[in-house]
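This report describes a protein model, moving from a helix and its cover to charged side chains and then to the chain as a whole.

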Amino acid sequence: IQPGIWDLNTMYDYHALVNMMSPSSSRTVIENVLIPEGFTCRQIFELLEEKRVCTAKDLAEYAASGELKDYWFLEGLPRGTKYCLEGYLYPDTYKFYKDADPQYVLQKFLNAFENRFTDKMYNDFLAMQKRYAKMLKSNGYSQSWIDSHELTFHQLITVASIVEEEKATSAEGYDIAAVFYNRLTKASHYPRLDSDATVYYAIGAYFERKPLTQEDLNNPSPYNTRKSNGLPPGPISNPGSYSLYAALYPSEAKYYYFIFDKTAGVHRFSKTLAEHNKWAELIG
């Protein structure tokens, strides 16, 4: 019997099982691959190449222009760029064939997203749209403006992806989502989200997380929410379930700021800039 991971069928008898696992078998070896929550498309593609599932180049090219099944959540999503599926490659543990076809690989991720985002969650997204519109109305926006600025599904996934990169714990993700929604629906006072995670994505130093310079903060990329107003054009990572839940069910806290407390390992939330500055002074 050849050591390895094999794709077998429960209908095989003893002899068939042994034959399939023998060195002379032509059966393709299966690779177990763990995709961590918050990995970007670039990280996922590089990991799959390392595992000899598919080359990063082939995956990027197919993601940009290859034929995919019709997925409701990709309707209207612009293709053409190698990381255009950012946000929708669901993080999980997968079994892949080595030297697999890129279409098979990408659709396996997208099928997982489709299965994990249940009908109930979609109905809750519709409820979140109404809640978002209500928040806009309470902040003085006209009905015509609200109707033309409805929260889209792509924006929901974008919020979830930023929460994924900002949260220190799963529990605090709901307050972090609240901060972003509070700012988005009161843009006259808080035009920018000011998320450092988006800056790292914008400057292409997403993995190193080096200290940000003033030049980094001034990067003109639309993904840099320290410079650009509102949400970035799309997700900055592939969020896991807890971040999706946070975007769907944000807390009702009236927070507009948060700062990371390294000593406690959590974020400190504030309703006002004065309170936020006090936390910044205490934390150092």
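Contact, as used here for the residues that cover others, means heavy atoms within 4.5 Å. The model discussed is a predicted one.

**Helix H2 and its surroundings**

Helix H2 comprises residues 41-50, and its buried residues are Cys-41, Gln-43, Ile-44, Phe-45, Leu-47 and Leu-48. Which elements cover these buried residues of H2? The cover includes two strands, S1 (30-34) and S2 (93-97), together with two helices, H3 (56-65) and H4 (102-116). After H2 comes Arg-52, which has a positive phi near 65°.

Two charged residues of H2 are also paired with each other. Arg-42 forms a salt bridge with Glu-46, and their closest N and O atoms are 3.3 Å apart. Why are Arg-42 and Glu-46 about one helical turn apart? The reason is that the two lie 4 residues apart in helix H2. In general, an α-helix has 3.6 residues a turn, so residues three or four places apart point the same way. Arg-42 counts as partly exposed because its relative accessibility is 33%. Glu-46, with a relative accessible area of 40%, is likewise partly exposed.

**Salt bridges**

Side chains of opposite charge can pair when their charged atoms come close. The count for this model comes to 9 salt bridges. Three of them are listed below with their N to O distances.

| Positive residue | Negative residue | N to O distance |
|---|---|---|
| Arg-42 | Glu-46 | 3.3 Å |
| Lys-167 | Glu-164 | 3.7 Å |
| Arg-268 | Asp-261 | 3.1 Å |

Are the partners Lys-167 and Glu-164 buried or exposed? Lys-167 has 17% relative accessibility and therefore counts as buried, since the cut-off is under 20%. Glu-164 is buried as well, with a relative accessible area of 10%.

The pair formed by Arg-268 and Asp-261 joins two residues whose side chains meet at 3.1 Å. Arg-268 is partly exposed, because its relative accessibility is 25%, whereas Asp-261 is buried at a relative accessible area of 10%. Elsewhere, salt bridges that share partners join Arg-183, Arg-192 and Asp-194 into one network.

**His-276 in helix H12**

Helix H12 spans residues 273-283 and contains His-276. With a relative accessibility of 16%, His-276 counts as buried, because buried means under 20%. Which residues does His-276 touch, leaving aside those up to four places away in sequence? Its contacts are Tyr-257, Phe-258, Ile-259 and Ser-270.

**The protein as a whole**

The protein has 12 helices and 4 strands. Its C-alpha trace spans about 75 × 45 × 30 Å along the principal axes. Of the 284 residues in the protein, 46% are buried. When contacts between residues at least 6 apart in sequence are considered, 62% of them join residues at least 24 apart.

The accessible surface comes to about 15000 Å², and carbon and sulfur atoms account for 51% of this surface. As for charge, the protein carries 30 positive and 35 negative charges, and the mean positions of the two sets are 5 Å apart.

How values were computed
Residues are numbered from 1 along each chain as its sequence is written. This is a predicted model: local features need pLDDT of at least 70, side-chain atom pairs count only at pLDDT 80 or more; totals for chains, interfaces and linings use all residues. Side-chain values use heavy atoms; hydrogens and water are left out. Buried means under 20% relative accessible area, exposed over 50%, partly exposed in between (1.4 Å probe, protein chains only). A salt bridge is a side-chain nitrogen of Lys or Arg within 4 Å of a carboxyl oxygen of Asp or Glu. Accessible areas come from the Shrake-Rupley method with a 1.4 Å probe; for residues, only the protein chains shown count as cover. Lys and Arg count as positive and Asp and Glu as negative; His and the chain ends are not counted. The place of a charge is taken as NZ of Lys, CZ of Arg, CG of Asp or CD of Glu.
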